[in-house]
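Good morning, colleagues. Please look at the model on the screen while I describe the surroundings of its ligand and a few backbone details.

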Amino acid sequence: MDIQLKSLEDEILSGRDVVVPPFLKEWLSKPKLNFIGNQFCESNSKKVFCNTNPATEEDLSWVVLSDKVDVQNAIKMARAAFEQGGWTTLPLNERAKIVKRLGDLILEHRAPLALLESLDTGKPIFETFDGDIPRAASNFHFFADFASYEEKLEFENGHDEHTAFREPLGVVALITPWNLPLYLETWKIAPALMMGNSIVLKPSELTPLSACYFAELTLKAGLPSGVFNVIHGFGDKAAGEFLVSDPEIDAISFTGETSTGRAIMRSAAVGPTRISFELGGKGATVIFEDADIETAVQETLRAGFRNQGQICLATPRIFIHEKCYSKFRDLFVQKAKEIKLGNPLNYNTRMGALIGREHWEKVMSYVCRAEAPLRILTGGDRPKEIKKGTFLSPTVIENVPLEHPISKEEIFGPVVSLYSFKDEAQVVKEVNSTQYGLSASIWTQDLARAERVSKTIHAGLVWVNCWFARDLRVPFGGQKRSGVGREGGKHSLDFFSEWKSVCVRRK
Ligand code: NAD
């Protein structure tokens with residue numbers, strides 16, 4: 001491994017406050033360009049915007065602001081690559097080699113990617129270094145293996161032979177959010193590549209850096225020109241919207257807010273274009289009276305406060321059986337107060353900054369509505385010792401009515417509310433009382449009860465006695481307003497390909 005990559009890894013793991021090394025400072029000082037046809041290019045608009053480090057609220061780098069012409073150029077390049085067939089017609093095992101190589105390169109560049117991701121998002125570097133970046137690599141390793149055999153169906157009915165096989169779709173648009181940037185981008189890029197498509201990615205305008213760095217890695221991996229393209233810019237009436245409303249796009253895979261999903265669905269009507277949506281959530285944890293309280297508290301703290309609560313699968317509503325309510329609440333609040341919050345670039349920090357000023361204000365607007373009878377048990381403001389940055393202490397609220405916006409709406413911040421319940425039927429009804437249906441976590445020793453409850457809760461993902469445990473083969477997605485379609489394993493392959501059937505008459 002390159003010596004500067006290795007010494008940055010050592011620096012991250014040292015537990016000291018990481019200082020951005022000269023090679024990355026230099027990288028950050030150059031404007032971040034679009035990546036079209038394997039070339040980094042200026043935008044047609046000649047305009048740029050600035051992305052910010054939420055932990056300091058200082059400028060990080062300049063990023064090109066794409067207009068419609070940039071978007072069309074990227075789509076044209078992707079289409080040309082698709083039609084030339086260099087990638088599409090490559091045997092699956094050859095595609096898999098390049099896709100695997102992308103995973104290897106991400107691991108090799110884990111330290112700069114983790115640092116860029118933490119600078120861009122404000123999240124602690126232990127999360128990006130130990131979690132998001134290795135997970136991004138494993139998306140490539142997983143799909144390279146999982147998709148590397150040719151799927152074929154064969155039927156014979158006496159006189160005809162029917163064969164069905166997968167074909168790529170063409171040019172796919174990937175639109176991603178800021179909360180897990182590279183991880184969620186690669187979750188779509190890897191299966192789209194394995195199925196032989198060309199890609200135009202629009203990362204979130206708030207977190208463009210890791211996508212930019214990753215584009216450099218695609219050159220090292222030997223991905224043919226035009227197969228992978230990145231355009232930077234905003235969503236509404238901007239690059240994102242131009243991309244999803246272009247009739248040349250064959251499929252749109254989107255992760256983001258439910259309201260954006262609605263807008264994209266309208267744009268996609270132009271095709272109509274195939275869509276897959278992973279949208280907002282308002283997950284719940286249910287603690288039954290027989291739960292292992294210590295373990296449940298530990299995991300529920302993660303489910304509430306990891307990534308400052310900015311995870312779609314977070315469970316900001318905790319329903320606790322009345323018999324163990326006080327015990328759970330007191331331990332939960334005590335442990336929430338102990339979470340180490342501070343400089344995201346220190347490996348020992350457990351909570352960093354929220355994504356930006358606008359989002360911080362949105363989250364605080366909910367906290368400010370926590371008036372009596374609601375009670376803030378801890379948190380509710382920026383920690384006193386931190387003078388700048390969009391930090392918010394882990395916040396725990398009780399006595400929140402179920403119809404209150406804090407109970408119903410996605411806050412997407414470190415704000416957790418506690419509810420007491422008497423019985424199973426009541427808690428299932430209460431858990432189901434939002435428009436969302438993404439995730440839930442149930443804590444009980446009674447597995448028959450866990451099975452019963454997991455069937456009646458409206459959520460695409462239910463965990464029993466754990467949270468966030470993933471197997472990439474498992475269907476991933478939300479019920480109700482939390483999504484359309486599923487990702488993961490075969491479901492991602494189904495989305496990024498279509499079946500063709502050929503019938504041959506033998507006699
Ligand atoms: P967002 O919807 O504001 O933005 C997501 C992306 O969409 C960005 O790249 C943005 O530029 C683009 N965009 C915005 N308007 C657009 C338009 N009209 N046309 C095309 N593109 C447009 O979401 P966000 O604030 O970046 O992310 C947070 C949200 O993402 C939360 O609601 C969270 O729950 C959700 N999320 C869901 C999952 C999941 O798997 N279900 C995972 C992560 C995040």
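A polar side-chain atom of Lys202 lies 2.9 Å from an oxygen atom of the ligand, which is a polar contact, that is, a pair of N or O atoms within 3.5 Å; within protein, one must be able to donate a hydrogen and the other to accept it, and residues adjacent in sequence count only if both atoms are side-chain atoms. I should say at once that this is a predicted model, in which local features need pLDDT of at least 70 and side-chain atom pairs count only at pLDDT 80 or more, while totals for chains, interfaces and linings use all residues. Residues are numbered from 1 along each chain as its sequence is written, and side-chain values use heavy atoms, with hydrogens and water left out.

The backbone takes part as well. Thr176 places a backbone N or O atom 2.8 Å from a ligand oxygen atom, and a polar backbone atom of Gly235 is 3.4 Å from an oxygen atom of the ligand. Taken alone, the ligand exposes 850 Å², of which the protein buries 93%; these areas come from the Shrake-Rupley method with a 1.4 Å probe.

Which residues are closest to the ligand? They are Thr176, Glu205, Thr260, Leu279 and Glu410, out of 31 that surround the ligand, each with a heavy atom within 4 Å of it. By type, this shell divides into 14 nonpolar, 10 polar and seven charged residues; Ala, Val, Leu, Ile, Met, Phe, Trp, Tyr, Cys and Pro count as nonpolar, Asp, Glu, Lys and Arg as charged, and the others, Gly among them, as polar.

Why does the ligand lie between domain 1 and domain 2? Both domain 1 (3–49 + 56–279 + 484–499) and domain 2 (284–471) give residues to the shell, so the ligand lies between them. The domain bounds come from an automatic or database domain assignment.

Let me turn to the backbone. Most residues other than glycine have a negative phi, and most peptide bonds are trans. A cis peptide bond joins Gly271 and Pro272, with omega about -5°. Pro272 is found in the loop between H10 and strand S11 (274–278); helices (H or I, at least four residues) and strands (E, at least two) are DSSP runs, numbered from the N terminus. The bond from Ala372 to Pro373 is cis too, with omega near 15°.

Finally, Asn38, a residue other than glycine, has a positive phi near 60°. Asn38 sits in the loop between strand S1 (34–36) and strand S2 (39–41).
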